[in-house]
Amino acid sequence: MGFTESDTRSKLIDPRIKESGWSENNIVREYYFTDGRKLIGNKRGKRYFVDYLLTCKNTNLAIIEAKAEDKDPLDGLQQSINYASKLKIDFVYSTNGHKIYEHSLIEGKGQFIEEYPTPNELFERKYGKVEAKKETIITTPFHIEGTMKPRFYQQIAVQKSIEAISNGNNRVLLTLATGTGKTYIAFQIVYRLFQSKWNRDASERRPKILFLADRNVLKDQSMNTFNPLEKDCVEINGKAIKKRGGKVPTAGNIFFAIYQSIADNANRTVEVLEEESEDDVTGYYKQYPSNFFDLIIIDECHRGSANDESSWRKILEHFSSAVHLGLTATPKRDDNGDTYKYFGDPIYEYSLKDGINDGFLTPYKVKRIQTNIDEYKFDPNDIIEGELEKQIVTLEQFEKEVVIPKRTELLAKTILENMNTMDKTIVFCVNQKHAADMKVAIDKFKTIKDNNYCVRVTSDEGDIGREFLEAFQNNDKDIPTILTSSKMLTTGVDAKNVRNVVLTAPIKSMTEFKQIIGRGTRVFEGKDFFTIIDFVGATNLFYDSRWDGEAEEINSTSTNTDKTPKDKITAGVDDENHSNIDGTTADAKRSQKVIIDVKGKKLKVINIETTYVGEDGKPLKTADYLELLIGILGTFYNDEDGLREIWSNPKNRKELLQKLRDMNIDESQLDDLKQIFEAQESDIYDVLAHLSFNLDIKTRTERVLHVENSDFVEKYHNEKAKEFIEFILDRYKKDGVKELDDTNLSTLVKLSGIDKSELKDSFGSYNVRDEYFGLQREIYR
């Protein structure tokens, strides 16, 4: 019998690696590169790791898959190739200590070799012969502060950007899901270019860099991220420029501005102008020589920077000699094709699906809620103020042309019924007026008396709204709990503990939809998932062929089919407050809104469909989910006796639940099955038995009555023993199977108030723990 895998590594593999010149500084053993998908109960799924990571000159070059001496060296090769592909590493080695197989992802094939290549040989195979200056640029180390270092995908994004810039690419695009740290990636790029003294004229100076954001809050957050380079950072601020007689700052290396503070006034919407209320300035970018900046980083670049008609484009044209690096969370779609036309395809993409499965973003479930007023049909019994042009009003017309106050109240009440009282929630409304009406309606039905439990945060709120937003983002504060808004919060809200994202307004574009969903994806301790509560069918847009599964045909009338890109910043109407550049409101330019007081029918929710996200990132409809679940459950038991044997034993039950968790099916989803089958008062066991074998669903009360009417309780002659059994049954009836956990017995003894020694005596010859397990067998008999 040969060495174990552990011994093979230390006695066979390690010596041969070192013989080829790899020192300990070049070797990372058991390199874990994912955190594991988030699961219910603050648990994590499987983390991915490689046995060895080989590095040279701060560059990841190869991975080694180690096998025990008596194993085939090719075992596990395909998994290693998959990992290398994910890590963007070009070379994979699979070995049992004697035979070494090398696979090149560049060539797509491999061969057995006698010895490992040296670090310099592998580096040259990856990059070829590179001049000294370029090597310095592409091998400068990351900024590491304490335990904080870039995640694997952040390292890839930074490295690929550095390589593209060093190769002379003028336009570079990175596409990473919201919440994955794009600003941190930008900082690492800047830090490395700064340290290596890269610049456009190849001289020995540090580069001049302009970071462009489109919101003040994003600019401020970015400056915080760049804090390690604080002494080189300069803010281009309108008030400060005015105090200096209109002169822009030039002393510094890294400049931060919002587009609006340095652009021309022409062709800017009120939304754009309101962002610069603190920066009331015009066209300052022209004061800078066209070659002043070496690199311009455009944050949220899909929001207009690459649009030919945008005034923002003029800034980029003025600094055309600089490298333009675009950051976006949005994959290529029709509504942001201009971004890709300008920058080209992304050099690296990291999707929402990837982030969730790797454990760096929070999973979600969708509650699609339908009401009997998603479409209004004229009823002569209703009281109508204004002129109703058509007898049928569609979802897209609500709040813009037709207002039904009772519908707003129905939505508000339903929101509160479908969230935990103190869960932080953002409600996206049609416009500012709708956001105000929704706030008032939520106040009407809320159970929390605090005046700021629900607040409106829109541009009209000004400083008050910003203060509410800051308090909402503070994870140590519970109030405000609910924000109502329209477009203002689609980006720039770094609130990690958002538990619900509510959609009450039809969404025009995938770009906007992805931004809105991104408000909930950030990871927070104790946050196992977030819920998207969708009243308008917007979640039909979840299917994106390039990001999260195959495109699905969308037939719903709830989704706006307007092909005009929402994200293009052009003269016209602003969705936040419906104001035009000439100062008049869009509402005034069209007929006055019709207000309908529905009298002809009672408004109600008619359907709530819950969908879950599979491993492929695709939301599963209820029927698909049940089909998937039945198939999975069939691998654990063949008949009801098999299920009962597992479920009636707390240890077996725990093991089954853990296996389901590993397959991304958690207790929360199982609990939701109760709602699907209207079995909230039943045990999960009964729902599973119904699903698998079409058995009748019993309630917990019925199961307790069965035990009480059996001989199980009466076999105890001591009243204390009977009292304790009745206590456990009562807890089970109220709170369910969690009360019967194998580790919960001592807690139940304490809660019963019965002395431990007295309880032991009361059971006589019976062992209390054995009887605790026996009771569970009786419950599920």
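Helices (H or I, at least four residues) and strands (E, at least two) are taken as DSSP runs and numbered from the N terminus. The model is a predicted one, in which local features need pLDDT of at least 70 and side-chain atom pairs count only at pLDDT 80 or more, while totals for chains, interfaces and linings use all residues. Residues are numbered from 1 along each chain as its sequence is written, and side-chain values use heavy atoms, with hydrogens and water left out.

**Exercise 1. Place Gln155 in its element, decide whether Gln155 is buried or exposed, and list what Gln155 touches.**

Step 1: Gln155 lies in helix H5, which covers residues 152-166 and has the highest mean pLDDT (96) among the elements of the protein chain; pLDDT is the predictor's confidence in each residue, from 0 to 100.

Step 2: The relative accessibility of Gln155 is 19%, so Gln155 counts as buried (buried means under 20% relative accessible area, exposed over 50%, partly exposed in between, with a 1.4 Å probe and protein chains only).

Step 3: Leaving aside residues up to four places away in sequence, Gln155 touches Tyr31, Asn60, Phe142 and Pro150, where contact means heavy atoms within 4.5 Å.

**Exercise 2. Describe how helix H26 packs against H24 and against H27.**

Step 1: Helix H24 (residues 700-708) and helix H26 (residues 719-735) pack at an angle of about 165°, with their axes 8 Å apart. H24 is therefore roughly antiparallel to H26 (angles under 35 degrees count as roughly parallel, over 145 as roughly antiparallel, 65 to 115 as roughly perpendicular and the rest as oblique).

Step 2: On the H24 side, Arg700, Thr701, Arg703, Val704, Val707 and Glu708 meet Glu726, Leu729, Tyr732, Lys733 and Lys734 in H26. By class, this contact has four nonpolar, one polar and six charged residues (Ala, Val, Leu, Ile, Met, Phe, Trp, Tyr, Cys and Pro count as nonpolar, Asp, Glu, Lys and Arg as charged, and the others, Gly among them, as polar).

Step 3: H26 and helix H27 (residues 745-752) pack at an angle of about 105°, their axes being 10 Å apart, and H26 and H27 are therefore roughly perpendicular to each other.

Step 4: Here Phe724, Phe727, Ile728 and Arg731 in H26 meet Leu745, Leu748, Val749, Leu751 and Ser752 in H27, and the residues of this contact divide into seven nonpolar, one polar and one charged.

**Exercise 3. Which element has the lowest mean pLDDT?**

Step 1: The protein chain averages a pLDDT of 81, and helix H10 (residues 270-275) has the lowest mean among its elements, at 38.

Step 2: Over residues 264-282 the pLDDT is below 50. Where pLDDT is low, the predicted coordinates should not be read in detail.

Definitions and conventions:
Axes fitted to C-alpha atoms, helices over the stretch in contact; angles between N-to-C directions.
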